[in-house]
Amino acid sequence: CTSMSNHLCDSITKPSLKDLLQLYFNDKLTEETFHRLHIDPYEHLNQPLTERRAILVRNDIRSLLSIHEDQQFTGRSVARILQGISSPCFPAEVWGRMYMYWRKHLNVEFNILCKM
């Protein structure tokens, strides 16, 4: 396949969404199926943190901290908010309404968020 025809090659070699949904609802979609079809179900999680994305994450953290000065945040609590993980101090019912930050950085590794 050439670089210009990658889209066409992908549509030929990869199963359609309809096929994947059929496998899923028939309980036949397993890790083995993903490997056989050369699909990485965790592909979106394996992306490296680029400098541009790191800057965006830092800006979001600064903004969150400046808006909610009255809260006692730790690195872990900020990471939980950015990944949409509820906790007793930051419940989903309240912080989920903060759609600007809640679950905003799911594609960044949790431990990296904690250190930022």
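Visitor: Which helix is Gln 83 found in?

Guide: Gln 83 sits in helix H5. Keep in mind that this is a predicted model.

Visitor: Is Gln 83 buried or exposed?

Guide: Gln 83 is buried, because its relative accessible area is 13% and buried means under 20%.

Visitor: What does the side chain of Gln 83 reach?

Guide: One partner is the backbone oxygen of His 105, at 3.0 Å. Another is the backbone oxygen of Val 108, which lies 2.5 Å from a polar atom of the Gln 83 side chain.

Visitor: And what else is Gln 83 in contact with?

Guide: Leaving aside neighbours within four places in sequence, its contacts include Arg 103, Leu 106, Glu 109, Phe 110 and Leu 113.

Visitor: How about Leu 82, what does that one touch?

Guide: Not counting residues up to four places away in sequence, Leu 82 touches Ile 61, Tyr 101, Arg 103, Lys 104, His 105, Leu 106 and Leu 113. Leu 82 also belongs to the largest nonpolar core, and is among the residues that touch the most other members.

Visitor: How many residues are in that core?

Guide: There are 15, and Leu 64, Phe 73, Val 78, Ile 81, Trp 95 and Leu 113 join Leu 82 in touching the most other members. Two or more residues come from each of H4, H5 and H7. H5 gives the largest share, with four residues.

Visitor: Why would nonpolar side chains be buried together?

Guide: That is a general tendency of nonpolar side chains in soluble globular proteins.

Visitor: Switching to H4, how many residues does it have?

Guide: H4 has 17 residues, running from 51 to 67. From first C-alpha to last it reaches 24 Å, close to the 24 Å expected at 1.5 Å a residue.

Visitor: Which residues of H4 are buried?

Guide: Ala 54, Val 57, Asp 60, Ile 61 and Leu 64 are. They cover an arc of only 125° around the axis, so they lie on the same side of H4. In general, an α-helix has 3.6 residues a turn, so residues three or four places apart point the same way.

Visitor: What's exposed on the other side?

Guide: Glu 51, Arg 52 and Arg 62 are exposed there.

Visitor: And what do the buried residues of H4 pack against?

Guide: They pack against three helices: H5 (75-83), H6 (92-95) and H7 (110-115).

Visitor: New topic: how many disulfides are there?

Guide: The count comes to zero disulfides.

Visitor: Is Cys 89 buried or exposed?

Guide: Cys 89 counts as exposed, at 61% relative accessibility. Cys 114 counts as partly exposed, at 22%.

Key:
Residues numbered from 1 in each chain as written. Predicted model: local features only at pLDDT ≥ 70, side-chain atom pairs only at ≥ 80, totals over all residues. Heavy atoms only, no water. Expected span 1.5 Å × (residues − 1). Buried < 20%, exposed > 50% of the residue type's maximum accessible area, 1.4 Å probe, protein only. Arc of directions from axis to C-beta. Contact = heavy atoms within 4.5 Å. Core = buried A, V, L, I, M, F, W, Y, C linked by side-chain atoms within 4.5 Å. Polar contact = N/O pair within 3.5 Å; in protein donor to acceptor, adjacent residues only side chain to side chain. Disulfide = S-S within 2.5 Å.
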